[in-house]
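Q: Could you take a close look at the place where the ligand sits, and then say what the protein's interior is built from?

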Amino acid sequence: MSKYKDRKVGDTKLKPESMMMSYGYDPKLSEGALKCPIFQTSTFVFEKAEDGKAFFELALGVREKGPTERLGLIYSRLNNPDLEILEDRLCLWDEGDGAAVFQSGMAAIATALLTFLRPGDVLLHSDPLYGGTDHLLKHILPEFGIQAVGFPAGVPMGELENELRAQIKGKRVPAVLVETPANPTLGLVDIQGIADFAHSLGEGADRPVVMVDNTFLGPLFQHPLEHGADLVIYSATKFIGGHGDVVAGACVGGKEVVGQIRTLRTFLGTAAGPWTGWLLMRSLETLKMRMTAAMKNAQYVASFLVDHPKVKSVHYLGLIQDADPMYDVYRKQCIAPGSLIAFEVDGGEKEAFEFLNALQLISLAVSLGGTESLAEHPATMTHSDVSPEDRERLGITPALVRISVGVEHPEDIIADIDQALHAIGAGKKAPAKLAEMKAAR
Ligand SMILES: Cc1ncc(COP(=O)(O)O)c(C=O)c1O
């Protein structure tokens, strides 16, 4: 670890956003370069054979690290300075002791799950999940004898416990995977509630590892480790990368749990490369600004949509009411509502497509969390592989559109949404909602 660990100015402990430019990087090791170079190398030279032997012993867990010993660089499938520094920086946002970076969010999820699950086990999970995760859990893992038992987001834990205990009775549950807010409905799961329940199922080696996919709000607006989770997982393709130009994943948690995952990462070969690590470090420097700006824009967009005549319903965390059964959970675990909005147009797939096809500024593309606003149709795109019954049960309807609000000027985003809503049902003119809003300001 570099001299920048726990950097303070006087008595002031520096906040994560102040550390993203320098933490974990020592210019002396790179010819004084201000920024960390890209260590584009597949392997690293050992000074002597004894070093190589010692590094392998530590990497493979053959023996514990000595008090002053550190794991040296070996080979870029195991470690690389761009990944190690990035991992140190990711720990700061979630206050984890360890992090691991992957080639994609799916690589992070798959590697984390396979670290703990074995044939005959149950994986408890929330529903809905991102479509790729849903496919992994419901189609791939069962082929390895792993049963996925789901429970719906948006329902308080107290109402789920008895049913879940009955379903998993007598089976080993080594892992729980929660996606909150859920993609695409933004349904919430009580992280502390599910962690308490899971941790009541077993102790020691039988204690389930509670994993939270924090892609929608983290790492700025939700910190699952503070609420009893053992591991936070990210599609770093989204807010962490934030510019729509990189695919990556990450997990952050306790040293022990992340250490086990890193070992499997080595043997599955799912680690990200140095170029990805460098891009993500660059992105982290502006993470707070980007996420804050997009969240502010989303608040405008949600309030524009909420009583638009062509919009049937709006899912946005900033609109959650105190009568909602998950209101207290929102207040407890979410710092801000983020920038994802899902809404139903008045109609079905045809009307949703008319809206999407009419967009001019907002791109019609899957993915989210970037600087640019994106819109997509979950039922036929990201969640098309979810069974039709599950889609209906979970509210992924043909009329549902998901928007990831970016950092453009909010009036421009709203103008685009307004004209695209007007384009639904050719010839039918809806009141000019944008003009009304502007006049009211
Ligand atoms: C919530 C969530 N988790 C995981 C993933 C998978 O991430 P990646 O596409 O980086 O593999 C996604 C992708 O959209 C997602 O939305």
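A: Here is a walk from the ligand's surroundings to the nonpolar cores. One caveat up front: this is a predicted model, so local features need pLDDT of at least 70 and side-chain atom pairs count only at pLDDT 80 or more, while totals for chains, interfaces and linings use all residues. Numbering starts from 1 along each chain as its sequence is written, and side-chain values use heavy atoms, with hydrogens and water left out.

The ligand is surrounded by 13 residues (a heavy atom within 4 Å), and the closest are Met106, Asp213, Ser235, Thr237 and Lys238. By class, that shell has four nonpolar residues, six polar and three charged. Helix α4, residues 105–116, gives the most to it, with three residues (helices are DSSP runs of H or I, at least four residues, numbered from the N terminus).

Now the N and O atoms. A side-chain N or O atom of Asp213 sits 2.7 Å from a ligand nitrogen. Ligand oxygen atoms come in at 2.8 Å from a backbone N or O atom of Met106 and at 3.0 Å from a side-chain N or O atom of Asn183. Taken alone, the ligand exposes 390 Å², and the protein buries 92% of that (Shrake-Rupley, 1.4 Å probe).

As for the interior, the largest nonpolar core has 76 residues, and Leu90, Leu305, Ile341, Phe343, Phe355, Ile417 and Leu421 have the most contacts inside it. Such a core joins buried Ala, Val, Leu, Ile, Met, Phe, Trp, Tyr and Cys through side-chain atoms within 4.5 Å, buried being under 20% relative accessible area (1.4 Å probe, protein chains only). Helix α10, residues 287–305, brings the largest share, eight residues. Another core lies apart from it, with 25 residues, among them Ala112, Phe116, Leu141 and Ile233.

Note on methods: A polar contact is a pair of N or O atoms within 3.5 Å; within protein, one must be able to donate a hydrogen and the other to accept it, and residues adjacent in sequence count only if both atoms are side-chain atoms. Helices (H or I, at least four residues) and strands (E, at least two) are DSSP runs, numbered from the N terminus. Ala, Val, Leu, Ile, Met, Phe, Trp, Tyr, Cys and Pro count as nonpolar, Asp, Glu, Lys and Arg as charged, and the others, Gly among them, as polar. Buried means under 20% relative accessible area, exposed over 50%, partly exposed in between (1.4 Å probe, protein chains only).
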